Amino acid sequence: MRQNSLRIIVSSINGVSFSGGIPTVVRKNWEKLIKEYIIKAGIDNDNYNGRCETEEFVMNVILNEIKLIMEQNREQYLPQVESSDLEENGAVYFMNSKDGTEFEWYVNDKLPPFMMFYDDEAKMGAVKLLLYRDGTVQVIVFDNAGKNMCKEVRTHIECGEEQLLDLAVLLKHQAEDSGKWNVNIESLCTDIPVSDEMRNTFLNHESWFDEIKEIRLLMNQGALVSRRIVEEGWKVGLMYRREPNNPADSGWTFFAGNEDEHYNSDVKNIVLMPLGKVCQDLDRDVYEYITAPIGAEFIRISETEFEVDMKNKAIFLTKR
């Protein structure tokens, strides 16, 4: 993020002209941010004539707004912490090493976290900022050298999703594609425009995360589970998927395999719970089958395996 090499042209301090894409509803706020950025960057407005080449400039405005929000929350909620107590005097780091920018954007609907760290041996987080695709900002502040979360704040950055998409594309290009992980944002060159090739490559990768998104959605949807599994400790012996009744329904039903028709006919013997709880707490063996299509039926054939139910084998019964 090289402030001194910004390729910008501003017509007047009171009337910034935008060359592309900023919605009218947020124009006034952007003009305010740009004015503040021009002053902070030490740019002499009188030296520029014409229009603002806004694409790369806006990327820097967003990053500086992120840094400003983090600094303000640090000053307000950690008044005892000086810049000198933080790594690189309060530098903001782009923490992309865990999942990467594309994963965070397409699966979690946000950018990777931005962090300030305490400058001590443990180097734990002092301020964490999450920026979501709709401009929502979540700030988490940690005191006691990062050991305790003391404040959570929600705010908003007034920009369109197109601008945040371009920021995601640019950060991936300047970080992951350049082999940089968890770096100071000041070390990233965000003064360059986002090319169609860069943007299209990023957009074309969305399909890579379809299965992950499907699984995340499924894990939060409901499933019907026999009390033999929930309360008596049996593992799943029979599982099938029917057409969901509503958007909150996964369509999955799980039985131990030793229930009879009388037992199953009593609704008190069936529990509704999130599919994720079934996979995580009751029987991890079913996880690899949960994306099977509507109509799928499986029976357990061993301690860890299932197969399609062809109605010609007995169910392998076992407890967890």
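## A tour from helix α9 outward

Select helix α9 to begin: its buried residues are covered by elements that include α6 (210-219), β7 (222-226), α7 (227-230), β9 (249-255) and β10 (270-274). Helices (H or I, at least four residues) and strands (E, at least two) are DSSP runs, numbered from the N terminus, and contact means heavy atoms within 4.5 Å. This is a predicted model, in which local features need pLDDT of at least 70 and side-chain atom pairs count only at pLDDT 80 or more, while totals for chains, interfaces and linings use all residues. Residues are numbered from 1 along each chain as its sequence is written, and side-chain values use heavy atoms, with hydrogens and water left out.

Within α9, which spans residues 275-282, the buried positions are L275, G276, V278, C279 and L282. Buried means under 20% relative accessible area, exposed means over 50%, and partly exposed lies in between, for a 1.4 Å probe and protein chains only.

**Around α9**

Next select M219, which lies in helix α6 and is buried, with a relative accessible area of 15%. Leaving out residues up to four places away in sequence, M219 touches P274, L275, G276, C279, Q280, Y287 and I290. If you add S250 to the selection, you will find its C-alpha 8.3 Å from that of M219, although the two residues are 31 apart in sequence.

Move on to D283, in the loop between α9 and β11 (297-300). Is D283 buried or exposed? D283 has a relative accessible area of 2%, and therefore counts as buried. Beyond the residues up to four places away in sequence, D283 touches K235, V236, V278 and R300; the C-alpha atoms of D283 and V236 are separated by 6.6 Å, with their positions 47 residues apart along the chain.

**The largest core**

Now select I62, I66, F114, L129 and L131, the residues with the most contacts inside the largest nonpolar core, which has 45 residues. A nonpolar core is a set of buried Ala, Val, Leu, Ile, Met, Phe, Trp, Tyr and Cys residues joined through side-chain atoms within 4.5 Å. The elements that give this core two or more residues are α2 (54-77), α3 (101-107), β2 (114-117), β3 (125-131), β4 (136-143), α4 (161-174) and α5 (196-204). Another core lies apart from this one, with 24 residues, among them V236, M239, W252 and V286.

For a view from within the largest core, centre on L129, which, leaving aside its neighbours within four places in sequence, is in contact with I66, I69, M70, P113, F114, V137, Q138 and V139. Then select N73 in helix α2, a residue that is buried with a relative accessible area of 8%. Residues up to four places away in sequence not counted, N73 touches L78, V139, V141 and V153.

**Where α4 meets α5**

Show α4 and α5 together: they pack at an angle of about 95 degrees, and their axes are 10 Å apart. Axes here are lines fitted to C-alpha atoms, for helices over the stretch in contact, and angles run from 0 to 180 degrees between N-to-C directions. The angle makes α4 roughly perpendicular to α5, on a scale where under 35 degrees counts as roughly parallel, over 145 as roughly antiparallel, 65 to 115 as roughly perpendicular and the rest as oblique. To see the contact itself, select L165, D166, A168, V169, L170, K172 and H173 of α4 with M198, R199, F202 and L203 of α5. These residues divide into 7 nonpolar, 1 polar and 3 charged, where Ala, Val, Leu, Ile, Met, Phe, Trp, Tyr, Cys and Pro count as nonpolar, Asp, Glu, Lys and Arg as charged, and the others, Gly among them, as polar.

**Two backbone stops**

Most residues other than glycine have a negative phi. Select D109, in the loop between α3 and β2, where phi is positive, near 60 degrees; at 39% relative accessibility, D109 counts as partly exposed. Then go to K311, in the segment after β12 (306-308), whose phi is also positive, near 65 degrees, and which counts as exposed at 62% relative accessibility.

**Cysteines and the whole chain**

Select C159 and C189, which both count as buried, C159 at 7% relative accessibility and C189 at 14%. The structure holds 0 disulfides, a disulfide being a pair of cysteine sulfur atoms within 2.5 Å.

Finally, zoom out to the protein as a whole, with its 9 helices and 12 strands. Buried residues make up 50% of its 320 residues, and of the contacts between residues at least 6 apart in sequence, 64% join residues at least 24 apart.
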